[in-house]
Amino acid sequence: FQRGSLELMEAKAVELSQEGTLVLECALQRKGFFGNLKPKESGVRTEVALEDVFGGGGGGEAAKGGKGASARQVLGLCRADSVTAAEAKRALLRTMVRAGRPAATASLLDLPIGRGVGGQGGGDAEELLLPKNLFLNNVPNTLATRYYFYDAAVAAVEAALRDPDPSLKARMQMQVLTPELNPTTDSYRVGTLLELVREVATCLACSGLRVRVCIQGAMGRGTFVGLPLSLNGVRQIVERMDWLAGPGEAFEGMVASYEGVGEKGYVRFGEIGAAEVDKDPTEAPDDAFILISPQNIVGFSIVQDLQEMVVAANGRPVLLVNPNLKDVQSSEDTMSARGRSGRLAFAESFQNVYSYKTLYPSETVAFPIVGAVVKAAPRAPHIVFERKETFFSEEPGASAEEKGFKKGAPSESGGLAGLAGGRLFEENIPRGAFEDPPSSPDALTLLRNSGAKW
């Protein structure tokens, strides 16, 4: 301030306008001629145009690729001519995380501007909320819970396809790791995964896209040929499952596995590899590809087949659903240090359009669920939610202990959690937001600092 004659002691953001102007309330100290500090002055307000902070306008250095453009790219701002309210808000979120104050982002999310979680951020604010009473610990999940994730995944893919950045739609991925969709848990249900794929594929097909659903084939050489356990038999299941495409049903004539449809259908099937792209030259070419859980196994990497398929797709949308492209320790120089950087770079080139990761007290246990890290849309932040349970007695004045607090007991009234003498309700409270996906320890630390207990 004024060439150093004013020293900024603290600053508090008090307002953010739709035009992207941030109002700060500052506490300042003036320096005398000999450097002596004068009494602190509080309540001084100043306005900062976020375009000046995060990059110039379309004719300035942002357009020329200068310092402003670099700052804009780092902060995730997608337009060069102006800063939208949502972009300004996300820039503030990232700034708070960089400053080491991720817990402060929860209050920023509630600012009545751009996207938020408090229901005040405009028409798209609700997409960043988590509904109440998901009860993911109850397996199998209710139909309403499963369809919440199906609908959220479909909305995220549609948003990615509409995004002005063409590189986003060419390499998409979603990670939905609820107990039913996480193959590392004993509650994994492949049927839930395939229902998710069905909803996404049929939605794209209804918009006129020819979608090829692909599952990796047997990998390896000689007697060492096999599939990951979570994918064993899935190719047959996905083709034989009910796609609601029979005579008189919603998607009649659209799915290749039904009689008389074949490659003429809008939903087709295949394996992962370049040979599966437009494999029938007599029919219309594929428009999009959905790859189910591509993953490496001991002795064989799926990455090369994926790379060849992406090249053959030539910019057409490719969506990986719950991929696991980490190297698996193998012999014969397979997935060794040689080429690892290239494999990692390829895996990281796919951008998350939707992700949901459940949080547990530690990485070695899978109960209870204490929260979640959610990215609800391609350009949404990763929001850390705390899961909280509340017990309501059905008799006025009776405490939970008096009514017999039993989480697993059936409820005569058909309560949400089936509690004896009352009902258990669940809500998910946002505690912070990150631009990049936080690790589980970082997310758990944020929850503990917010007062969460488990």
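**Stop 1: the largest nonpolar core**

Start with the largest nonpolar core, a set of 67 residues in this predicted model. Which members touch the most other members? Select Met-174, Trp-243, Leu-319, Tyr-354 and Tyr-356. A second core sits apart from the largest one and has 18 residues. Pick out Cys-214, Val-303, Met-309 and Leu-325, which are among its members. There is a general pattern here: in soluble globular proteins, nonpolar side chains tend to be buried together.

Now go back to Met-174 and show its contacts, leaving aside neighbours within four places in sequence. Met-174 is in contact with Ala-153, Val-157 and Leu-196. Its contacts also include the run Leu-319, Leu-320, Val-321, Asn-322 and Pro-323. Asn-352, Val-353 and Tyr-354 complete the list.

**Stop 2: strand S4**

Select residues 172-177 to see strand S4. Click on Val-176, which belongs to this strand. Is Val-176 buried or exposed? Val-176 counts as buried because its relative accessible area is 1%, and the cut-off for buried is under 20%.

What does Val-176 touch, not counting residues up to four places away in sequence? Colour Phe-149, Leu-181, Leu-196, Asn-322, Tyr-354 and Tyr-356. Two of these names, Tyr-354 and Tyr-356, appeared at the first stop among the core members that touch the most others.

Next, draw a line between the C-alpha atoms of Val-176 and Pro-323. The line spans 9.9 Å. Along the chain, Val-176 and Pro-323 are 147 residues apart. For the protein as a whole, take contacts between residues at least 6 apart in sequence: 58% of them join residues at least 24 apart.

Stay in S4 and select Gln-173. Gln-173 has a relative accessibility of 13%, so it counts as buried. Set aside residues up to four places away in sequence, and Gln-173 touches Leu-319, Leu-320 and Pro-323. Gln-173 also touches Phe-350, Gln-351, Asn-352, Val-353 and Tyr-354.

**Stop 3: the largest pocket**

Keep Gln-173 selected and turn to the largest pocket, with a volume of about 1,900 Å³. Its lining has 48 residues. Which of them are closest to the pocket's centre? Select Gln-173, Gln-175, Leu-177, Asn-352 and Pro-437.

Next, colour the elements that each supply at least two lining residues:

- helix H4 (85-98) and strand S4
- helix H11 (340-348) and strand S11 (351-359)
- strand S12 (371-375) and helix H13 (440-449)

Which element gives the largest share of this lining? Strand S11 does, with seven residues. Colour the lining by class to find 19 nonpolar, 18 polar and eleven charged residues.

**Stop 4: the largest cavity**

Now look for enclosed space. How many cavities of 30 Å³ or more does the structure hold? There are three. The largest cavity has a volume of about 70 Å³.

To find the largest cavity, select its lining: Leu-134, Phe-135, Leu-136, Tyr-356, Ile-369, Gly-371, Ala-372, Arg-387, Glu-426 and Asn-428. Tyr-356 is also one of the residues that Val-176 touches. Strand S12 and strand S14 (422-434) each supply at least two residues of the cavity lining. By class, the cavity lining has six nonpolar, two polar and two charged residues.

**Stop 5: the loop between H9 and S8**

Move to the loop between helix H9 (234-240) and strand S8 (267-270), and select Glu-263. Glu-263 counts as buried because its relative accessibility is 18%. Beyond neighbours within four places in sequence, Glu-263 is in contact with Arg-212, Arg-268, Lys-279, Asp-280 and Glu-283.

Val-261 is in this loop between H9 and S8 too. Its relative accessible area is 12%, so Val-261 is buried. Outside the four places on either side, Val-261 touches Gly-253, Met-254, Val-255 and Ala-256.

**Stop 6: the whole model**

Zoom out. The protein has 13 helices and 14 strands. Of its 454 residues, 45% count as buried.

Finally, colour by pLDDT. The average is 79, and 76% of the residues score at least 70. Select residues 55-76, where pLDDT stays under 50. Then select residues 118-126, where pLDDT is below 50. Where pLDDT is low, the predicted coordinates should not be read in detail.

How values were computed: Residues numbered from 1 in each chain as written. Predicted model: local features only at pLDDT ≥ 70, side-chain atom pairs only at ≥ 80, totals over all residues. Heavy atoms only, no water. Helix = DSSP H or I, 4+ residues; strand = E, 2+ residues; numbered from the N terminus. Buried < 20%, exposed > 50% of the residue type's maximum accessible area, 1.4 Å probe, protein only. Contact = heavy atoms within 4.5 Å. Core = buried A, V, L, I, M, F, W, Y, C linked by side-chain atoms within 4.5 Å. 1 Å grid on protein atoms, 1.4 Å probe; cavity = no way out; pocket = protein on both sides within 12 Å on 5 of 7 lines; lining within 4 Å. Points joined across faces, edges and corners; volume = space filled by probe spheres on them. Nonpolar A, V, L, I, M, F, W, Y, C, P; charged D, E, K, R; others polar. pLDDT = per-residue confidence, 0-100.
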